[in-house]
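Open your viewer and keep the selection panel at hand. This tour goes from stop to stop, telling you what to pick and what is there.

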Amino acid sequence: MDGDRMDVAWHEVCGVDEIWPDTGICALIDGRQIAVFRLSASETPGEFFAIDNHDPMSGANVLSRGLIGNLGERLVVASPIYKHHYDLRTGECVEDPNVSIHTFGARVRDGRVWIGA
Amino acid sequence: MKLVVIGNGMVGHKLLESLGAAENLQVTVLCEEPRPAYDRVHLSEFFSGKSADDLSLVEPGFFDNPRIDLRLGAQAASLDRSLKTVTTADGEVIAYDKLVLATGSYPFVPPIPGKDRDGCFVYRRIEDLEAMTACGAQSKVGVVVGGGLLGLECAKALRDMGLTTHVVEFAPRLMAVQVDEGGGRVLRRKIEDLGVSVHTEKNTVEIVDGEQCRHRMRFADGSELETDMIVFSAGIRPRDELARASDLGVGPRGGIVVDNRCRTLDPDIYAIGECALWDGRIFGLVAPGYEMARVVASDILSAVDATAGPAAEFLGADMSTKLKLMGVDVASIGDAHGRTEGSRAFIYTDERKQIYKKLVTSEDGKLLLGAVLVGDANEYGSLLQMALNHIELPESPEFLILPSSDGTVTTGLGVDALPASAQICSCNNVSKLQLCEAIGAGETTLGGLKKCTKAATTCGGCAPLVTQVLKAELKRLGHSVNNHLCEHFPYSRQELYHLIRVGGIRNFDELLAKHGSGLGCDICKPTAASIFASCWNEFVLTRDKAALQDSNDYYLANIQKNGSYSVVPRIAGGEITPDKLIVIGQVAKKYGLYTKITGGQRIDLFGAQVHQLPAIWGELVAAGFESGHAYGKAVRTVKSCVGSTWCRYGVQDSVGMALLVENRYKGLRAPHKIKFAVSGCTRECAEAQSKDVGVIATEKGWNLYVCGNGGMKPRHAELLASDLDDATLIRYIDRFLMFYIRTADRLQRTSVWRDNLEGGLDYLRQVIVDDSLGLGAELEAEMRHVVDTYECEWKKAINDPDTLKRFRTFVNSDADDSGVVFVEERGQIRPATDAEKQTRFKDIEIVAEAT
Ligand code: SRM
Ligand SMILES: Cc1cc2nc3c(=O)[nH]c(=O)nc-3n(C[C@H](O)[C@H](O)[C@H](O)COP(=O)(O)OP(=O)(O)OC[C@H]3O[C@@H](n4cnc5c(N)ncnc54)[C@H](O)[C@@H]3O)c2cc1C
Ligand code: SF4
Ligand code: FES
């Protein structure tokens, strides 16, 4: 995972509780907008994912406000603008595999969410 | 070959279609009417809002074919058989090699003195209906002369126009041709129960000036009837004038004599449809006409195209009919009167439920010869198939019409029993085999089958049977008909609704655990959220619900292309005080929002970022505004006209009613958005007939229209019930909305839902008005719960700190989204284009850049 690369710096963004289960928030890290999602289902309890907030298909910074779920094996978020799906693990756009966005590492330490970017 | 076709009615047009794009054929079509072929069978739907275009039978581009020359408004005036030419009323002479007369018929008007007075009509063309509509608007009473099939249809139209309606019939009973005495009696009672007065054995002798109304009709028995409008529907007469004048044979009572190939005495001239007399008979239905058209097409094609099959023959046609008149089922099959020698009859009457059923069988009881069904014609399809296919009847045929102990009738014969050759759609001559082949080739919906086989596209009577064949065949092929919502739930929306309601399920985790799999997705989550809201009406932004909402519902605002949001306060009925207008202006100014009057009679404020929404709404709520639910699949607006309070034509207080309706249903979540309108009179300034629910004031109350919309596929709403008092109106709307919410598919607006309801509007009327499913009270109670538990979502949100925390652009910063950039245009903001964003430091003024 991206997050384990050597050159990433880790940023504390918020408390776990500030992200309601199965929703996302947006963090601003060094001027970069990063969407952070918290999953809660029994298969994915307490898992966090971080991707670009920018939706390249619509040009708007909105992915943190998309609905999350799964399409087959893939965990995805649906952009609220034109409903393109992005893979939370790889950043790939499901509808157009030529398009993909950045993913970032996400960790929880002592009830706080940290993003590696 | 030069072919001339006179008449572009239903049958003439079927001929053109059947000829296809044959080479070597140059066709001239003379069409006396101002428009090409339209669906006369569904003519009455013109009154419920169908336009001439809706009724058109012409496929787009059909007449672009250079080999077909359509002349509109062109009447053929004479034939010269020796020169083989047709001369039009304009004097143009057109030569033919072959000529087809498809001139149809005209309505017979008995030679009664006064029959040509103003306000007397016939019922055949769109122009007739336009004239009737105009007159109906200034009339109170209407009379239909003639109690046959068409007369009753016409009576329904008059009643729907809100007139006091009478039917005057010469014979001792209604529909004397199709229905026997017993059936006629039940039919009469049913029609009278609907508020139409029936007068039989009345011979009109004179029409003169009336005292209360425009006319007075005098009858031979000395009685009289006053009326404003008269429609003659006393039978049809073939239009054989061209044939008569050129010595083609015509029958003693009219009709152009034809043989089995529909040729007249002149082998180069054919006659088809209602103008043709075959074996001494005129066929006043469209199916036999279509069959004639196919026969002639095959004859012509075999002459011009060496590869065409042999010519077909016309061998008579079945005249069975099924109608639903004013919600009354009437059907007649074959030898309904039992005229066959030695035939036996079985009759069942239920006076209480007003049902009459009769079977006519062969002497040995093995074959079905005919039937009459009044009040309940559910068995029509299967009985007709038994008669047509000579299927051997069960030991005791009476059980085919007797209700079983639980009140339902079991015909005992599924579509499986039908032979492959069985004709399922008689209008379009589609056999069971053809349907099965189309299904095998991948058509798995009724809509698809209609498109590719044409079955069920004319009178529609066969639609239930076509559906049965479809279901049986899909089952046989091992298809499961998949209407699953998405990969997480193997259910349709309707099924999911029931699971949630019956199981008392209140959150998504429970729903997923009990009935689904996986994590859910952007299809099933909002659907479930919408159903939870329709059933339990709990706040949509609680922790467990917020995660299910689309961005619009999640932020109670509409997302825009650049990720900013719009704010739409409710302005019920479009009525707003100056003070409130000022508040909207002040809020917009303070937060730098773009303002626009919407198409829904309210004001939209654009360009807010997520973190600004609570403050904006705080000010609006303080000034008395509520959420407009523009973001939800929910009740949107109730458009109103100013109505009787101000308008000189208004007959009811339309604004008052619009407020009542909007305040009652505001916040209601549904499979799709729902729009209403209320007009104060028939001028319809609020465009109620373009809404899901339209209400139009009448002298006596309100007319209720349902299932219209604008948008991508505009649809006029249809009249569901007339002259309702306030309470009944609301009751019907309650039932209608809840029934829609229960049974519609996800993102299905009411019009599409109605089109997919088997039985269509009539069925809907039964459920809503007649309460045929006994659901009325339940639906009303469900609505009452929603109404009683309404809360303004924005008021609740701004008062709940937990919810407010979520309205942040960034969880760790108070900055704005730097991607949201506005430029100024016409004195207001608008989102900057990409190019503008890139050059924003050069010449374009940025009015609201992120700080
Ligand atoms: C603001 C408004 C246009 C305007 O400036 O006037 C508008 C704006 C939008 N319309 Fe509309 N519609 C607006 C009146 C209409 C009307 C006219 C009316 O209601 O009288 C229609 C046709 C009537 C109808 O719906 O039958 C209309 C037919 C649509 C449709 C097509 C629906 C259909 O069944 O074909 C959509 C798409 C959809 O809902 O799936 C749509 C969807 C939208 C959305 C929500 C698209 C979206 O998801 O972003 C637009 C955003 C609204 C916003 O951001 O606030 N809008 N839209 C109007 C808001 C009315 C209001 O006060 O609530
Ligand atoms: C209100 C209504 C309801 C009906 N309901 C049913 C039903 O439920 N089921 C059913 O089976 N049938 C029904 N019918 C009957 C059905 O519409 C007719 O059987 C069918 O339209 C006959 O088609 P046609 O082409 O023979 O005649 P038409 O459709 O009448 O077409 C004849 C055309 O020829 C034109 N024409 C005539 N003379 C000339 C000329 N000299 N030059 C140029 N053009 C000419 C006429 O203007 C007309 O347009 C209904 C009819 C009406 C009016
Ligand atoms: S619909 Fe009638 S009442 Fe309403 S404004 Fe128009 S004319 Fe006036
Ligand atoms: S029988 Fe009339 S449409 Fe099929």
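## Stop 1: ligand 2 and its shell

Start in chain B. Select α1 (10-19) and α4 (149-160): each gives at least two residues to the shell around ligand 2. Which of chain B's elements gives the largest share of that shell? It is α1(B), with 3 residues. Bear in mind that this is a predicted model.

Now show the whole shell. Ligand 2 has 29 residues around it. The ones that come nearest are Glu32(B), Glu33(B), Arg124(B), Arg125(B) and Glu274(B). Colour the shell by class. You should get 13 nonpolar, 8 polar and 8 charged residues.

Next, zoom in on three side chains.

- Pick Arg125(B). An N or O atom of its side chain is 2.8 Å from an oxygen atom of ligand 2.
- Pick Glu274(B). Here a polar side-chain atom lies 2.6 Å from an oxygen atom of ligand 2.
- Pick Arg239(B). Its polar side-chain atom lies 3.2 Å from a nitrogen atom of the ligand.

How much of ligand 2 does the protein cover? On its own, ligand 2 has 1000 Å² of accessible area, and the protein covers 96% of that.

## Stop 2: ligand 3

Stay in chain B and select ligand 3. Show the residues around it. Among them are four cysteines to click through: Cys641(B), Cys647(B), Cys681(B) and Cys685(B). Glycines are there too, including Gly643(B), Gly650(B) and Gly680(B). Add Val642(B), Tyr649(B), Arg683(B) and Glu684(B) to the selection. By class, the shell around ligand 3 holds 6 nonpolar, 3 polar and 2 charged residues.

## Stop 3: where chain A meets chain B

Zoom out and show both chains. The contact takes in 36 residues of chain A and 40 residues of chain B. Together the chains bury about 2900 Å², with carbon and sulfur atoms giving 54% of it. Select Trp20(A), Arg65(A) and Leu67(A). These three supply 30% of the area that chain A buries against chain B, more than any other three residues.

Now look for links across the interface. How many salt bridges does the rule find there? It finds 3. For one salt bridge, select Glu18(A) and Arg808(B): their side chains meet at 3.1 Å, N to O. The rule also finds 14 residue pairs in polar contact across the interface.

Finish on chain A's side. Highlight its strands β1 (10-15), β2 (23-29), β6 (60-61), β7 (67-71) and β8 (74-78), which each give two or more residues to the side touching chain B. β2(A) gives the most, with 7 residues. Colour this side of chain A by class for a last view: 20 nonpolar, 10 polar and 6 charged residues.

Technical notes
Residues numbered from 1 in each chain as written. Chains lettered and ligands numbered in written order. Predicted model: local features only at pLDDT ≥ 70, side-chain atom pairs only at ≥ 80, totals over all residues. Heavy atoms only, no water. Contact = heavy atoms within 4.5 Å. Buried area = accessible area lost by both parts, 1.4 Å probe. Salt bridge = Lys/Arg side-chain N within 4 Å of Asp/Glu carboxyl O. Polar contact = N/O pair within 3.5 Å; in protein donor to acceptor, adjacent residues only side chain to side chain. Helix = DSSP H or I, 4+ residues; strand = E, 2+ residues; numbered from the N terminus. Nonpolar A, V, L, I, M, F, W, Y, C, P; charged D, E, K, R; others polar. Near = heavy atom within 4 Å. Areas by Shrake-Rupley, 256 points an atom, 1.4 Å probe, with all protein chains shown as cover.
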